[in-house]
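Q: Please take a close look at one part of this chain and go through its surroundings. After that, set it against the other parts that can be described in the same way.

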Amino acid sequence: MGLPDVDDTLPAKDYTFKVRTGFMQYVNYRPVRTWPGVARPLKTEKPIDFVVIRENVEGEFVQAGKQILPDDVGGLAIDTSIFTRRGIERIAHYAFQLARKRRKRVHHITKSNTLIYSLTFWDRVIREVAAQYPDVEHQQMYIDNAAASFVLRPEIFDVVLTTNLFGDILSDLGGALMGSLGAGRKRKHQPREGVPLHVRAHPRLGARHRRQGDRQPIRHDLVGGPDARTPG
């Protein structure tokens with residue numbers, strides 16, 4: 001994982017995507033929260049506490065594509081995103097039911113002004129689900145606005161519902177807001193009894209892999225049955 005002489009596409013293709021789809025881990029739950037006394041890169045001292053709910057088995061990362069004559073002058077590559085009503089409904093129900101247990105606010109992130117087929121469908125189905133939760137405030141937001149708002153006014157967010165690709169990017173930005181992903185101060189880690197020290201990374205690895213001690217809090221994929229709608 002991360003060795004410079006290993007093809008970067010192999011972990012996703014031969015492991016990550018197979019685990020997610022094989023166990024139907026359609027919810028990727030990524031919390032973003034600041035803590036008193038932990039340095040953050042933002043000037044604001046307002047508390048930040050939201051969750052990025054990333055749809056985890058559909059969308060842009062389904063590996064439906066092909067390279068055709070890639071070495072030819074007319075070579076081409078195709079990646080097809082897949083959004084199903086069933087897939088959108090189940091992740092939307094999860095997000096809205098989670099919001100009911102938190103501060104009752106959902107922002108669903110889209111880019112339907114340019115992806116006018118797939119993401120207008122995504123928006124439509126989410127709005128249909130939102131109508132079933134009249135007690136939860138719902139707002140649609142474009143990805144560019146969301147990325148800026150994560151930095152400029154992160155305190156407005158509670159549950160952020162988004163697609164596979166956008167969730168990958170936004171949750172990493174969320175980690176940076178907390179002072180993680182190498183953005184915080186260097187800390188000296190003291191080993192506890194029975195807990196081994198971090199393994200020193202190979203010097204040829206990228207900066208992100210060298211900073212294992214500064215990684216953001218645990219992010220995990222939640223396993224849900226095909227029709228599960230209640231947050232675990």
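A: Phe 96 lies in helix H2, and the model in which it is seen here is a predicted one. H2 runs over residues 85-101. The relative accessible area of Phe 96 is 0%, and buried means under 20%, so Phe 96 counts as buried. Once neighbours within four places in sequence are left aside, Phe 96 is in contact with Val 106, Ile 126, Val 129, Ala 130, Tyr 133, Val 136 and His 138. One of these partners, Tyr 133, is 37 residues away along the chain, yet the C-alpha atoms of Phe 96 and Tyr 133 are separated by 7.0 Å. Two other partners can be placed by their numbers: strand E5 covers 105-110 and strand E6 covers 137-142, with Val 106 and His 138 among the contacts of Phe 96.

Just ahead of H2, the loop between strand E4 (76-82) and that helix holds Thr 84. Unlike a buried residue, Thr 84 is partly exposed, at a relative accessible area of 30%. Not counting residues up to four places away in sequence, Thr 84 touches Glu 58 and Phe 121. From Thr 84 to Val 125 the distance is 9.5 Å, C-alpha to C-alpha, across 41 residues of sequence.

Strands E5 and E6 come up again with helix H4. The buried residues of H4 are Ile 143, Ala 146, Ser 149 and Phe 150. These four cover an arc of only 120 degrees around the axis, so they sit on the same side of H4. An α-helix has 3.6 residues a turn, so residues three or four places apart point the same way. The buried residues of H4 pack against strands E2 (49-55), E5, E6 and E7 (159-162), and also against helix H5.

H4 spans residues 143-152 and H5 spans residues 164-177; their axes come within 10 Å and cross at roughly 10 degrees. Angles under 35 degrees count as roughly parallel, and H4 and H5 are therefore roughly parallel to each other. On the H4 side of this contact are Ile 143, Ala 146, Ala 147, Phe 150 and Val 151, which meet Phe 166, Leu 170, Leu 173, Gly 174 and Leu 177 of H5. By type, the residues of the contact divide into nine nonpolar, one polar and no charged.

Two residues before H2 stand out by their backbone. Gln 63, in strand E3 (residues 59-68), has phi near 60 degrees, a positive value in a residue other than glycine. Its relative accessibility is 42%, so Gln 63 counts as partly exposed. Leu 69 is in the loop between E3 and E4, and its phi, near 45 degrees, is likewise positive in a residue other than glycine. With a relative accessible area of 57%, Leu 69 is exposed.

As for the whole chain, there are six helices and eight strands, in the order α-β-β-β-β-α-β-α-β-α-β-α-α-β. Of its 232 residues, 37% are buried. Among contacts between residues at least 6 apart in sequence, 75% join residues at least 24 apart. The accessible surface comes to about 13,900 Å², and 55% of it belongs to carbon and sulfur atoms.

Note on methods:
Residues are numbered from 1 along each chain as its sequence is written. This is a predicted model: local features need pLDDT of at least 70, side-chain atom pairs count only at pLDDT 80 or more; totals for chains, interfaces and linings use all residues. Side-chain values use heavy atoms; hydrogens and water are left out. Buried means under 20% relative accessible area, exposed over 50%, partly exposed in between (1.4 Å probe, protein chains only). Contact means heavy atoms within 4.5 Å. Accessible areas come from the Shrake-Rupley method with a 1.4 Å probe; for residues, only the protein chains shown count as cover. Axes are lines fitted to C-alpha atoms, for helices over the stretch in contact, and angles run from 0 to 180 degrees between N-to-C directions. Angles under 35 degrees count as roughly parallel, over 145 as roughly antiparallel, 65 to 115 as roughly perpendicular and the rest as oblique. Ala, Val, Leu, Ile, Met, Phe, Trp, Tyr, Cys and Pro count as nonpolar, Asp, Glu, Lys and Arg as charged, and the others, Gly among them, as polar. The arc is that of the directions from the helix axis to the C-beta atoms.
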